[in-house]
Amino acid sequence: MRLTEVEAYQGQGEDPGSHAHRGRTARNAVMFGEPGHLYTYFTYGMHTCANVVCLPPGSAGGVLLRGAEVLDGLELARSRRTTSRGDADLARGPARLALALGITLDDGGADLLAGDAFTLDLADEPVGTVRTGPRTGVSGPGGDAAAYPWRFWLEGDPTVSSYRSAVARRRVAKA
DNA sequence: CGGACGATCCCCT
DNA sequence: GGGGATCGTCCGC
């Protein structure tokens, strides 16, 4: 598939939105390791998301895969994304993208440049107009998500997810 | 088309 | 003990 939307996360104490913000833990250890490897995390009790480690060992950094257009294996992707209402929705959103690829937590740490879970191909030239903006569902310092405009997407691509700002989750009173 | 809300579990403190 | 880099459904326009 063809990536259309990503977000960058740095950590190292300066990026509150990053899972590596508070230092190395068992969960985010992969982000402190070799670049080009897959960092997966589980969130909201049901979703898995995929990142590509992007900084040298010792420096935590990664890119969250947020959107993509499925080019090959359409039948397989559709079978895994039964709730999708159209091919543009197959990998529109980080959890959908991971599901369409068949990524699970067990794939964390896979060497993508070696094709362990899937192969990451980097384009040699620009593939379109790239736009940038605040990251989705993340609040920066002082609640200002725009402090780190590290969301990148292809302008006008139908497989780019719609922006959602960070919302305070409402607690459910236990009866 | 877009806003509101519940679901559900792994991981850190 | 509680938060969370989301999604799907419901509902109104």
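In the predicted model, the largest nonpolar core holds 19 residues, and Leu38, Leu65, Ala91, Ile103, Leu112 and Phe118 of chain A are those that touch the most other members. The elements that contribute two or more residues to this core are strand E3, strand E4 (62-69) and helix H2 (94-101). A separate core of 11 residues lies apart from the largest one, and its members include Tyr9, Met31, Val53 and Val138. Within the largest core, Leu65 illustrates how distant parts of the sequence are brought into contact. When neighbours within four places in sequence are left aside, Leu65 is in contact with Leu3, Glu5, Val6, Ala50, Val52, Pro94, Leu97 and Phe118.

The cores belong to a chain whose secondary structure comprises 2 helices and 6 strands. Read from the N terminus, the order of these elements in chain A is β-β-β-β-α-α-β-β. Of the 175 residues in chain A, 37% are buried. Contacts across the sequence were also considered: among those between residues at least 6 apart, 54% join residues at least 24 apart. The accessible surface of chain A amounts to about 10200 Å², and carbon and sulfur atoms account for 51% of this area.

Strands E2 and E3 were examined next. Strand E2 (residues 38-43) pairs with strand E3 (residues 47-53) in the antiparallel sense, and the pairing extends over 6 bridges. Within this pair, Phe42 stands opposite Thr48 of E3. The two strands form a hairpin, with 3 residues between them. In general, the side chains of a regular strand alternate between the two faces of the sheet. Tyr44 is found in the loop that links E2 to E3. Its phi angle is positive, about 55 degrees, although Tyr44 is not a glycine. Tyr44 has a relative accessibility of 52% and therefore counts as exposed, the cut-off for this class being over 50%.

The hairpin turn also takes part in the contacts with DNA strand B. There are 9 residues around this strand, of which Thr25, Ala26, Arg27, Tyr44 and Met46 come nearest. Among the atoms of DNA strand B within 4 Å of the protein, 71% belong to sugar or phosphate, while the rest belong to bases. Individual atom pairs show both kinds of approach. On the phosphate side, a polar side-chain atom of Thr25 is located 2.5 Å from a phosphate oxygen of DNA strand B. A backbone N or O atom of Gly45 lies 3.3 Å from a sugar or linking oxygen of DNA strand B. By contrast, a polar backbone atom of Tyr44 is 2.6 Å from a base oxygen of DNA strand B.

Three further residues with hydroxyl-bearing names in the sequence were considered individually, beginning with Ser84. Ser84 occupies the loop between helix H1 (74-80) and H2. Its relative accessibility is 17%, so Ser84 counts as buried, for which the limit is under 20%. A polar atom of the Ser84 side chain lies 2.7 Å from the backbone oxygen of Gly86. Residues up to four places away not being counted, Ser84 touches Asp89 and Leu90.

Thr104 is situated in the loop between H2 and strand E5 (130-133). With a relative accessibility of 38%, Thr104 counts as partly exposed, because this value falls between the limits of 20% and 50%. Beyond its neighbours within four places in sequence, Thr104 is in contact with Thr40 and Thr48. Thr104 and Thr40 are 64 residues apart along the chain, yet their C-alpha atoms are separated by 7.4 Å. Thr48 is also the residue of E3 that Phe42 stands opposite.

Thr159 lies in the segment that follows strand E6 (151-154). Its relative accessible area is 3%, so Thr159 is buried. The side chain of Thr159 makes polar contacts with two other side chains: that of Thr4, at 2.9 Å, and that of Asp157, at 2.6 Å. When residues up to four places away in sequence are not counted, Thr159 touches Thr4, Gly67, Ala68, Glu69, Ala88, Ala91 and Arg92. Of these, Ala91 is also one of the residues that touch the most other members of the largest nonpolar core.

Note on methods:
Residues numbered from 1 in each chain as written. Chains lettered and ligands numbered in written order. Predicted model: local features only at pLDDT ≥ 70, side-chain atom pairs only at ≥ 80, totals over all residues. Heavy atoms only, no water. Helix = DSSP H or I, 4+ residues; strand = E, 2+ residues; numbered from the N terminus. Buried < 20%, exposed > 50% of the residue type's maximum accessible area, 1.4 Å probe, protein only. Contact = heavy atoms within 4.5 Å. Areas by Shrake-Rupley, 256 points an atom, 1.4 Å probe, with all protein chains shown as cover. Pairing = 2+ DSSP bridges. Core = buried A, V, L, I, M, F, W, Y, C linked by side-chain atoms within 4.5 Å. Near = heavy atom within 4 Å. Polar contact = N/O pair within 3.5 Å; in protein donor to acceptor, adjacent residues only side chain to side chain.
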